[in-house]
2 protein chains.
Amino acid sequence: MVSSLSCAVALQIMNYRINSNKKEGTCVELMEVIKGRRSIRQYRLDPVPDEVLQKVFEGLRWAPSWANTQCWKVIVVRDPHVKSEILGTVLESNPSHSAMAEAPILVVLCGEKAVSGCYRGKPLTAKGDWLMFDTGLAMQNFCLTAYSLGLGTVIVGFFDHKRVEEILGVPENVEVVAMTPLGYPAAAGIKTKRKEISEFAFQEKYPKEDKS
Amino acid sequence: MVSSLSCAVALQIMNYRINSNKKEGTCVELMEVIKGRRSIRQYRLDPVPDEVLQKVFEGLRWAPSWANTQCWKVIVVRDPHVKSEILGTVLESNPSHSAMAEAPILVVLCGEKAVSGCYRGKPLTAKGDWLMFDTGLAMQNFCLTAYSLGLGTVIVGFFDHKRVEEILGVPENVEVVAMTPLGYPAAAGIKTKRKEISEFAFQEKYPKEDKS
């Protein structure tokens, strides 16, 4: 009884915070968004209004990309049958499996091949296609904007990409990169730790002693 | 005379805006940052204070990553000799070449190999190493935070990666991904267009008619 009460209180606090962010005209501060965003693995059933979804895509839309090529494509999956098929490509042991089942929307992020990092379809650098980098830039805009609107996300990359491409009819020139459930959180995300800045930022040269 | 005056006025407006963003306690709104950020290719000589640079890394630090593996590494280059060597790996025709020479700092973003998307050093998906995706997520946090603090960035990916790795002494288990100059803008960036949301966001299935 005590624990379900504490849980209710915690949820109330979180909802209050989320709703206060959503108020029209309320400023949603960048660093608060960057630091407050968490991977959300429990979702409410409430649908995401279309105008809210459009705002999240507006955030994604303004990401930078290689020569402004904007190779990203997204598929919004709501159909329970298709969602269930996609869920079958993710291991049940994946901590995001149930989140993908719960959330009202599953967003599948794709990248058009031979565009980013390429000229006339040929890679310009030894790194080949830059679609993973550019979709990464776009996904971060998406997740930050979603959070600023009170929505949860969790980036899922460990699944059978080929199978999802078949399910969604993704053409040869495009590949599926990552997915995220999208919806209103039913519980706060876990605050995970980060390395100290001194562990990843170096001066002038790469240090000989970095063993990470 | 008229054009240099207009230019001075435009710069004044931009600096005002930048400085108003920087004021302590001023809220820097997420969507304003996402939409206002531009690639900056002209920089002032003014140095970037260490505490400001730390804030930019604080933004990068809180990016999400594959199983929170945080594969990113960054090298802050200020030494004119090293900067000049790195500049030699970029084509002079690259529109960001002079920006890299002008800005007081060059930030080189690297990724540790066989960590993101991997388990015990082996890739978990057909996409191999996910370091490009995770460094993309981190780079976007970096660029947004920099902009919110009045700093300019422009992501450069087209250069001789192997040569930059040699210059900076990057070890075998790490690779250089992208670079950006970092400093206070001397001119506003060009507002580039974006595709409409309807051109990249689809419902339920990938459309057969998408020819982009």
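Student: Which residue of S2(B) is the bridge partner of B:Lys73?
Tutor: B:Cys110. Keep in mind that this is a predicted model.

Student: What makes S1(B) and S2(B) a pair?
Tutor: The cut-off is at least two bridges found by DSSP. S1(B) and S2(B), residues 105–112, have 6 bridges, so they count as paired. The sense is antiparallel.

Student: And how do you know that S6(A) pairs with S1(B), in the other chain?
Tutor: Use that cut-off again: 3 bridges link S6(A) to S1(B), residues 72–77, so the two strands pair. Here the sense is parallel. In this region, A:Phe202 sits opposite B:Ile75 of S1(B).

Student: Why is the pairing of the 4-strand sheet called mixed?
Tutor: The order is S6(A)-S1(B)-S2(B)-S5(B), and the sheet is open. Going along it, S6(A) with S1(B) is parallel, while S1(B) with S2(B) is antiparallel. Both senses turn up, and that fits the label mixed.

Student: Why are S6(A) and S5(B) edge strands?
Tutor: S6(A) and S5(B), 174–182, have a single partner strand each, so one side of each lacks a neighbour in the sheet. As for twist, neighbouring strands are turned by 25° against each other on average, direction ignored.

Student: Which helix of chain B packs on this sheet?
Tutor: H6(B), residues 131–148, touching S1, S2 and S5 of chain B. Its direction makes about 150° with that of S2(B).

Student: How many residues are in the contact between the chains?
Tutor: Chain A brings 70 and chain B brings 71. On the chain A side, H6(A) gives the most, with 13 residues, and that side divides into 37 nonpolar, 19 polar and 14 charged residues.

Notes:
Residues are numbered from 1 along each chain as its sequence is written. Chains are lettered from A and ligands numbered from 1 in the order in which they are written. This is a predicted model: local features need pLDDT of at least 70, side-chain atom pairs count only at pLDDT 80 or more; totals for chains, interfaces and linings use all residues. Two residues are in contact if their C-beta atoms, placed from the backbone, lie within 7 Å. Helices (H or I, at least four residues) and strands (E, at least two) are DSSP runs, numbered from the N terminus. Ala, Val, Leu, Ile, Met, Phe, Trp, Tyr, Cys and Pro count as nonpolar, Asp, Glu, Lys and Arg as charged, and the others, Gly among them, as polar. Axes are lines fitted to C-alpha atoms, for helices over the stretch in contact, and angles run from 0 to 180 degrees between N-to-C directions.
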